[in-house]
Amino acid sequence: MARLFASQTRRAVLRTAALAFAAAALAPRLAIADPKAVEDELKKLYAGKPMAEGRVKLDVPQIAENGLVVPVTVEVESPMTETDYVKAVHVFADGNPQPGVFTFRFSPECGRAAASTRMRLAQTQNIVCVAEMSDGSLFTTKAEVKVTIGGCGG
């Protein structure tokens, strides 16, 4: 009886190992975005509206020693009045599996269009910010962050 139990356990282990190996071999590789993916995402969001440079200040380190916690600060020059304010700031990373990282939404009551957070980066990549103004105009800026130790297990 003990031999039968040991045999079934070994078969179960081999079956599980074979299934795990097959799943790993057939699993899709982690897709990494690229600058084209960011462009496609921007076209989808803004339907090709023109974007001007300026008014958006992006503060990220040029070199991130630890990609797990990369500080990001975004600030947009705006009077933040009822007629002229920043509606949203969208942040993209062209090396992430999903290029859209986060969006900050603002209103005139915010008084200032500024926000800070941290993001995880697996590799060296560009961070792109787009500020959407209340009149529909768009402003953008971009910065490259060199990552020495990836924050996604790399």
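User: In what order do the three strands of the open sheet lie?

Analyst: In this predicted model, the pairing between the strands is antiparallel. Strands are DSSP runs of E with at least two residues, and helices runs of H or I with at least four, numbered from the N terminus; two strands pair if DSSP finds at least two bridges between them. On one side only is where β2 (56-59) and β7 (113-119) each pair, making them the edge strands. The order is therefore β2-β4-β7.

User: Which residue in β4 is the bridge partner of Leu58?

Analyst: Strand β4 covers residues 70-76 and runs antiparallel to β2, with four bridges joining the two. For Leu58, the partner in β4 is Val74.

User: How many disulfides does the count come to?

Analyst: A disulfide here is a pair of cysteine sulfur atoms within 2.5 Å. Residue numbers start from 1 along each chain as its sequence is written, and side-chain values use heavy atoms, without hydrogens or water. Local features need pLDDT of at least 70 and side-chain atom pairs 80 or more, while totals for chains, interfaces and linings use all residues. By the sulfur rule, the count is zero.

User: Is Cys129 buried or exposed?

Analyst: Let's set it beside Cys110, which is partly exposed at a relative accessible area of 42%. Buried means under 20% and exposed over 50%, with partly exposed in between, using a 1.4 Å probe on protein chains only. Cys129 has a relative accessible area of 0%, so Cys129 is buried.
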